[in-house]
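Visitor: Good morning. I would like to go through this structure with you, one topic at a time.
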Protein chains: 4
Amino acid sequence: MQVLDPLKRLKILDVAAALFAAQPFHKVLLSDVAEAAGVGKGTLYVYFKNKDDLYLSVLYNGFCQLIDQLQQKVDQNQQSPLENLQTVVREIVRFACQNPYLYELMRSVPWCQVTDNALWNGKRTELRALIEAIICRGVALGEFEDPHPELTARFIPHLVRSVMMDRELSSTPETISAHILRFACAALVPKPLDRM
Amino acid sequence: MQVLDPLKRLKILDVAAALFAAQPFHKVLLSDVAEAAGVGKGTLYVYFKNKDDLYLSVLYNGFCQLIDQLQQKVDQNQQSPLENLQTVVREIVRFACQNPYLYELMRSVPWCQVTDNALWNGKRTELRALIEAIICRGVALGEFEDPHPELTARFIPHLVRSVMMDRELSSTPETISAHILRFACAALVPKPLDRM
Amino acid sequence: MQVLDPLKRLKILDVAAALFAAQPFHKVLLSDVAEAAGVGKGTLYVYFKNKDDLYLSVLYNGFCQLIDQLQQKVDQNQQSPLENLQTVVREIVRFACQNPYLYELMRSVPWCQVTDNALWNGKRTELRALIEAIICRGVALGEFEDPHPELTARFIPHLVRSVMMDRELSSTPETISAHILRFACAALVPKPLDRM
Amino acid sequence: MQVLDPLKRLKILDVAAALFAAQPFHKVLLSDVAEAAGVGKGTLYVYFKNKDDLYLSVLYNGFCQLIDQLQQKVDQNQQSPLENLQTVVREIVRFACQNPYLYELMRSVPWCQVTDNALWNGKRTELRALIEAIICRGVALGEFEDPHPELTARFIPHLVRSVMMDRELSSTPETISAHILRFACAALVPKPLDRM
DNA sequence: TATGAATGAGGATTCATTCAT
DNA sequence: TATGAATGAATCCTCATTCAT
């Protein structure tokens, strides 16, 4: 869809993200979204097919942002797999702290049946692949040891979420990152003597 | 609330769990719940105050079931913390496999603002406490090593969910339990040489 | 569709017929229909799928009524084809005068795409067939003379409509019937001898 | 209203006639009209006050066209009332075959309450008057016999429409004209002597 | 107690119309 | 003049909830 004013579209996505994450879908009124975005109710329908489409676009947009940021950070500087992993965890935690609502939203498989569901799953896979690639590289270089990198790759984002879910903790991003990393590295980094 | 037919109540909770887990709250119609449970729409209001109450009861019921099963298994036989942890993980995985909808549902922070929200959250805390207690006991006995048992306790249920979420893997409960345990133990069980 | 209270359904159809005929479709508000029928807005949706369905049901209902009345009158008493034709014209005029709105509505092929469109066309055909049968019987008995009974059959209802359309005439039903009959008989009844 | 590009105005009227005739008023979107006419939505408001005005203009335009053609043909050559009637019927049928949508549209009483409704209805009256005049002249000359010329005048256009409405017949304009004329003349032309 | 017909507040969506360009 | 993005009033429709039976 050729979009008229991309900035207006982003503005809408932005305020919608905050609203959708703060309340369940059915409590978010499009009139609230419109008002918060400073546009008319009808304008929402110029940029999005309907409420479901808006919701989905919010999720997709957030996903893309996160992956782009990760990819950029990982590609940017030549780092070891361990450093990469640290970077990824820190970035995810940072993103989750900055966009707690959005990150929580991204948890679930979207229930709206849209035509480009494939596109969607593609992004999901992309994130997993990005993490898995780091682990695999680590295994190849002998830095990591992991019989199931694809499982571990799935764990990482969930570990972040598990901590984010209970906001009353008010742990700092650093504490969270550190604990997750400790957790992940314990499983990945081979030790002089085997255990278990 | 003194209820006349506890079995009918459970039947309703059961089908509601399946429906709530498969779709977001607002797509679950009470008429669907009633039909699936084989009762009249009005009957739902005999057993539950309203839709929010039904939703919350489903969650509460789920936590009670899971915790009861866990507590029973843990108390039952005198075991070491490590064995306890293994038991807990296996039981959670088993529960999640048997009640995939319910377990998936239990993930979320409840957004309904009802009076007995606290009661509800109490159960979630209870589950965490149960796991945390095992870890703390392990630390006390020198079997485990963990600077943040309360964080680790939060991780466990989410690790299970992270694997459950992608059903296409078709991993067996055993595989899942094993990988999660490997992961958790790596972080908890001290090794001859420290790292990090 | 098994209908709950057939009388309520008829009541709704009745007031809806008046409203739909007095104004174009888009000016008829369902809230007006509900109020006029003395029921809640939601009740309309218990008896009809949506606004289009209600509109269509009004038309269909009117059609059925008219045809039933005609069939009854024609079957009732043993009459000659000419007498039958007179009866039919008088009945149509009477119906049109009693239900001017409804009759005007029935003019057009319904534009709502409904599943039982066939059912609909069936009724339309039924009316034509009823009239055509009378003409054909007349031709067979030598009372009428008509190379195209199927065309003539189509004319009759339109002749009525043509007169009904301009209400300011305030001709009596009798005048209208008489003129239409004179018109039709002139074309149908063979003459060496004058008639009427 | 002084209009800059009369051809663009006609183009709009043309496509609007087709759309209005094919669907009820409320299903015709101005965006559809604009697109079909190859102009911008705003342009419609340059040539017409609003949607109602466009609709009315379509009808008015149609009547003007038809009446102009008829008047011209009737005035053109000195003819007997019977010949005039034949000309009129043939011309109406021709017009209806060439502008089936427009003609079908002209059937209805206009429901828009606009100020120049009168102007509009005047044109309809004009058409009736034109036909009535022919019949009256015939009666005056003793060629016709009709107690209610004003009723008969109303019949003619509707007879045409009644045949046009069912396109599956695929009768030629000639067949249609012939049957209508047979019908009309039967009622109008006095006989001891055979007619046509 | 169990029911489901009736309800109407609430919210998504449409589309004629405007106006800055 | 021509445009089409933006608008919001208008209205259809949903669905949780009630209550007479």
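Visitor: How many residues does helix α4 of chain A have, and how far does this helix reach from its first C-alpha to its last?

Guide: Please keep in mind that this is a predicted model. Helix α4 of chain A covers residues 51–76, which is 26 residues, and it reaches 37 Å from its first C-alpha to its last. That is close to the 38 Å expected at 1.5 Å a residue.

Visitor: Which residue caps the N-terminal end of α4(A)?

Guide: The cap is Asn50(A). One of its side-chain oxygens lies 3.2 Å from the backbone nitrogen of Asp52(A).

Visitor: What about the rest of chain A: how many helices and how many strands are there?

Guide: Chain A has nine helices and zero strands. Read along the sequence, the pattern is therefore written α-α-α-α-α-α-α-α-α.

Visitor: And what percentage of its residues is buried?

Guide: Of the 196 residues in chain A, 50% are buried. As for contacts in chain A between residues at least 6 apart in sequence, 72% of them join residues at least 24 apart.

Visitor: Let us turn to the DNA. How many residues surround strand F, and which are the closest?

Guide: DNA strand F is surrounded by 32 residues. The closest are Thr43(A), Tyr45(B), Tyr45(C), Leu4(D) and Thr43(D).

Visitor: Which parts of strand F come within 4 Å of the protein?

Guide: Of the strand F atoms within that distance, 72% belong to sugar or phosphate, and the rest belong to bases. Several residues place a polar atom beside a phosphate oxygen of this strand. For Tyr45(B), a polar side-chain atom is 2.9 Å from such an oxygen, and for Lys51(C) the distance is 3.0 Å. Leu30(B) uses a backbone N or O atom, which lies 3.0 Å from a phosphate oxygen of strand F.

Visitor: Which helices supply at least two residues each to that surface?

Guide: Helix α3 (41–47) does so in chain A, chain B, chain C and chain D. By class, the surface near strand F has 16 nonpolar, eight polar and eight charged residues.

Visitor: Now strand E. Which residues are the closest there?

Guide: They are Tyr45(A), Lys51(A), Leu4(B), Thr43(B) and Thr43(C), out of 32 residues that surround DNA strand E. Sugar and phosphate account for 71% of the strand E atoms that come within 4 Å of the protein.

Visitor: What do the polar atoms of Lys51(A) and Tyr47(C) lie beside?

Guide: A polar side-chain atom of Lys51(A) lies 2.8 Å from a phosphate oxygen of strand E. A side-chain N or O atom of Tyr47(C) is 2.9 Å from a phosphate oxygen of that strand. With Lys41(D) the partner is a base oxygen of strand E, 3.5 Å from an N or O atom in the side chain. The elements that give two or more residues to this surface are α3 of chain A, α3 of chain B, α3 of chain C and α3 of chain D.

Visitor: A change of topic: is His179(C) buried or exposed?

Guide: His179(C) has a relative accessible area of 2%, which is under 20%, so it is buried. This residue lies in helix α9 (residues 173–188) of chain C.

Visitor: Which residues is it in contact with, leaving aside neighbours within four places in sequence?

Guide: His179(C) is in contact with Asp146(D), His148(D), Leu151(D), Thr152(D) and Phe155(D). With Thr152(D) there is also a polar contact between the two side chains, at 3.1 Å.

Visitor: And Thr152(B), where is that residue?

Guide: Thr152(B) is in helix α8 (residues 149–164) of chain B, and it counts as buried at 0% relative accessibility. Not counting residues up to four places away in sequence, Thr152(B) touches His179(A), Phe183(A), Ile135(B), Asp146(B) and Leu188(B).

Visitor: How many disulfides are there over all chains?

Guide: The count comes to zero. For Cys185(B), the nearest cysteine sulfur is that of Cys136(B), 16 Å away. A disulfide needs the two sulfur atoms within 2.5 Å, so Cys185(B) is in no disulfide.

Visitor: One last item: which residues of α1(D) are buried?

Guide: They are Ile12(D), Leu13(D), Val15(D), Ala16(D), Ala17(D), Leu19(D), Phe20(D) and Ala21(D). What covers them includes α2 (30–37), α3, α4 (51–76) and α6 (100–105) of chain D. At the N-terminal end of α1(D), Asp5(D) is the cap, with a side-chain oxygen 3.1 Å from the backbone nitrogen of Leu7(D).

Methods: Residues numbered from 1 in each chain as written. Chains lettered and ligands numbered in written order. Predicted model: local features only at pLDDT ≥ 70, side-chain atom pairs only at ≥ 80, totals over all residues. Heavy atoms only, no water. Near = heavy atom within 4 Å. Polar contact = N/O pair within 3.5 Å; in protein donor to acceptor, adjacent residues only side chain to side chain. Helix = DSSP H or I, 4+ residues; strand = E, 2+ residues; numbered from the N terminus. Nonpolar A, V, L, I, M, F, W, Y, C, P; charged D, E, K, R; others polar. Expected span 1.5 Å × (residues − 1). Buried < 20%, exposed > 50% of the residue type's maximum accessible area, 1.4 Å probe, protein only. Contact = heavy atoms within 4.5 Å.
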